[in-house]
Amino acid sequence: MIINTTADSFAYERVFAKPLKVNQAQIEAYWHRSAQVTTFWSDHLAIATPDLTFAGQVRVDMPANAPTWLSLYGEANVVDAGQTWRYLPRPALGNDLTDYLSKAIKGGQVKSARILWYGALNDFPYQHHDGVFQAFVPLTQAKFSFDPQWPLLRDMQLNLLFENDKMYIDSHQIKTLAAYSPKVVGEADLTPNGALKLAIDLAATGPQVQQYMLNSPLADSVGSALTTIEVAGPVTAKLNLNIPFNSTDVDASGKVYFKNNPITLTTPHLAIDDVNGSLSFKNSAIKAQGLTGMLYHQPIQFGFNGDHVNNTLEYKVNVSVGGQWQLAKLKDYLPSIVTDNVTGSSDWQAQVGVNINAKHVSYNVAATLPLKQVRSQLPYPLQQPQATATLTVHVNGDASHLYAQALLPDVAYQAQMSLLTPVPHITASNLTVGKRSLLTQPLQGQLVQLNSRQFNADQWLSLIKTTPANKVQSSAISHSNEFSLPLPTRITAKVAKLTLGGLDWHQVNSVATRGQGWSIKLASREADGYISWVHNQPLNVILKSLHLNLPQLNQQPPAALLTPLLATKQPLTAVTASDRSIMAAIPKIDLSIADAWLQGYRLGAVTATLTKRHNQLQLQQLKIKSGNVSLKASGDWSIARQHNHTKLDVVISGSNSTDLLDRFGISGSVQNAPFNTHVMVNWQGTPWSIDRRTLNGKVSTDIGKGIVSGVGGAGRLLGLFSLDSIIRKMKLDFSGVFDNGLAFNYIRGNGTIKDGIFDSNNIKMQALAGDMYINGKVNLIDEKVNANVKFIPDFTSGLPVMTAFAVAPQVALYVFAISTVLSPVLDVITQVNYQVTGPIAAPKVVERSRLEGEYKIPENSKF
């Protein structure tokens, strides 16, 4: 029988899913029938459909009492393997395998596929090797979907081999998504409960592997883990799949191999370089141990594991990491204030837990850093740690915020941070020094608590001052738009001894709060009161009491406080960066102290007002009232044209000079006298740095009736003309006049200062022993004096004066004559002239001349 047909179709629903469209068929068929068997065969069988061509030979034996036997050999070419489902013989392959292959083979071409079938049809697929079925299908440009939920395999060079009840897959070129596979092998059991087992080698980059897993049934497990643990660079992977034909879940396992790959833990952020090792997974569970890498340029060892939590959709990844780190190698990541003062190493360990669900990622970190091998030169509380000391750090948070806690033996720090802005910022914090006082979450404000026996703030301020501003933060965060620490909003201090400003403050119990400005409540042995500073308002200082004991003043006697400021050498007047920073830093100030003490001496009430405008500070009013002594001062300091300029106007007055001098421990000098001294001066330079070449102004003094008791004090008070040296000279020349002090009615005078030269010609002391006149100049630049002193005795004062200024050496005889003879006449000295020259501190006093005359003692004089 010869059959030739074109454009026909063949429907056989028991075998094929759809009728077969036949473009052309040529069949030379023969049959033979007997009582025992019917045989059909063809030596030339050629069929062409829109999708394939087939040529071969076939024989079918249908015994009356035995199963049908098929003998077939043929070769086929396939144009579109995506239509394979039309040609799969369902009775031969079974429903599950037919359905699976129908969905799995998505496209491709076949050239010279070979099919061999020899055996009873009812024994197919010949599990007991009682028949032979072989089909070799070399697919090119194939598309194969081994499971609808896994990414499509494409561009395959795929060899399919069906052998009895087995199917074998071998491919050496596959692409899937952006990944490439150099090798895929697999096999399947063609049984009712059969499954396809695939082994896929992948070569891809880390993001490509991540993309592959996110497009698979492992998206919520391995895919999520690889989203949290991002891998960069080329990696290789082995994927093993067990795919049941009955559409139940695929069993997936495999490994991902790292070779010098960067890995980043995204939440919380942790970037590790040069990672080596492997990650294994089985379905949703992942595991990696013994990984090595570089973190902040130092070696670490780490590993992780992950799986669903209690069979829920929540996925958890646990990461363990540790290393032996040298602090010196962290100089690019830590502030230099730390790396310059802390050395050594630490064998640290950390545990990181990451919880992942569809809408939320949270994490927690616990790190321990032993400090046994760490050496610190920082001040307390970061001083040299004990051998058993450790730094522990705890962090928990999510993509929007985190909470961190760091603990040292005498330090605790808590912080809440927002991650919603481009630059993370601390929304609340608590720093405790000394006795720990941890707060519960959520934190409120930026808090600092000092609760210790002692704290030296000066050491920290000095350390910060000597550290360049760009090194207070690490180089990685030194830019202004990077992360920075916020200012405190509340500071509490309970410190037995606080060192600040070069002073020791005892039993401190103070609170400082920041709102629109700062408000401080001071309480200590040395200071008690309030300080407030609102933005754009003066610094308001109201103290009940202030006791200052300045160490630098303890190095000299209290009387040295009255040494003229002009007697010290000062630098030049050019404006420095320090001057500008001080000018910028000093605010407007309103000061009120009810009871002020200095060096143990009472100053009394002190008030002052300091205003500021542009580059000028103006002292509008400074008042000190202590007993009967008062001081009033005003002035200003300005910066203009690269020069400093200072003005000062001071008036000090009182009803009793003894009260003032006693406060400074001066036992001699002018006693029991009212006084009023006025100084108006200006100079180029800062208030604390006078260029004496530019000093100009006026000085006047008016001292009422009193007594000069001793010499040293008078010299301190009127030291410009070295009055102490003058009196010392006169005491030697005229014994007895000044032994018990020099009583006077007044001391008056004034003078001018021009370009550092003080000039006066009207200084007068009217004393009971006589009148003293001083005129001359004092060069404040080289600290030298050139003055003339005239002393005119007053003989009406009594016998001691006449005795001292008698010309004849036989003083005792005259005294006797005076007592026995009426109205005697004495030859006496009527005027003495001195010249004072040389250094102010040790001038040379020379008697230049003296005038003599006769003095007639009044008749009513009594001795």
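## Exercises on a predicted fold

Asp274 is located in strand 16 (residues 270-282); helices (H or I, at least four residues) and strands (E, at least two) are DSSP runs, numbered from the N terminus. The model is predicted, so local features need pLDDT of at least 70 and side-chain atom pairs pLDDT 80 or more, while totals for chains, interfaces and linings use all residues. Residues are numbered from 1 along each chain as its sequence is written, and side-chain values use heavy atoms, without hydrogens and water.

### Exercise 1: backbone angles

Task: Find the sign of phi at Asp274 and at Tyr296, then place both residues.

Solution. Step 1: start with Asp274, which is not a glycine and yet has a positive phi of about 55 degrees. Its relative accessibility of 39% makes Asp274 partly exposed (buried is under 20% relative accessible area, exposed over 50%, partly exposed in between, with a 1.4 Å probe and protein chains only).
Step 2: go on to Tyr296, another residue other than glycine, whose phi is positive, near 50 degrees. Tyr296 belongs to the loop between strand 17 (285-295) and strand 18 (298-308), and with a relative accessible area of 37% Tyr296 is partly exposed.

### Exercise 2: cis peptide bonds

Task: Which peptide bond leading to Pro442 is cis, and which residue does a cis bond join to Pro125?

Solution. Step 1: the bond running from Gln441 to Pro442 is cis, with omega near -5 degrees. Look for Pro442 in the loop between strand 26 (425-434) and strand 27 (446-456).
Step 2: Phe124 is joined to Pro125 by a cis peptide bond with omega about 15 degrees. Pro125 lies in the loop between strand 6 and strand 7 (132-144).

### Exercise 3: two polar side chains

Task: Is Asp61 buried or exposed, and what does its side chain meet? Then treat Thr694 in the same way.

Solution. Step 1: Asp61 is part of strand 4 (residues 52-63), and its relative accessible area of 13% makes it buried.
Step 2: the side chains of Asp61 and Thr39 share a polar contact of 2.9 Å (a pair of N or O atoms within 3.5 Å; within protein, one must be able to donate a hydrogen and the other to accept it, and residues adjacent in sequence count only if both atoms are side-chain atoms).
Step 3: beyond neighbours within four places in sequence, Asp61 is in contact (heavy atoms within 4.5 Å) with Val37, Thr38, Thr39, Pro67, Thr68 and Trp69.
Step 4: Thr694, in the loop between strand 40 (689-690) and strand 41 (696-703), is buried at 18% relative accessibility.
Step 5: the Thr694 side chain reaches the backbone nitrogen of Gln684 at 2.8 Å and the backbone oxygen of Asp691 at 2.7 Å. Setting aside neighbours within four places in sequence, the contacts of Thr694 are Asn682, Trp683 and Gln684.

### Exercise 4: one side of a helix

Task: Which residues of helix 2 (residues 95-104) are buried, and why do they lie on the same side of helix 2?

Solution. Step 1: list the buried residues of helix 2, namely Leu97, Thr98, Tyr100, Leu101 and Ala104.
Step 2: they lie on the same side of helix 2 because they cover an arc of only 165 degrees around the axis, taken from the directions from the helix axis to the C-beta atoms.
Step 3: for a last look at the neighbouring region, Leu116 lies in strand 6 (residues 105-120), and at 33% relative accessibility Leu116 is partly exposed.
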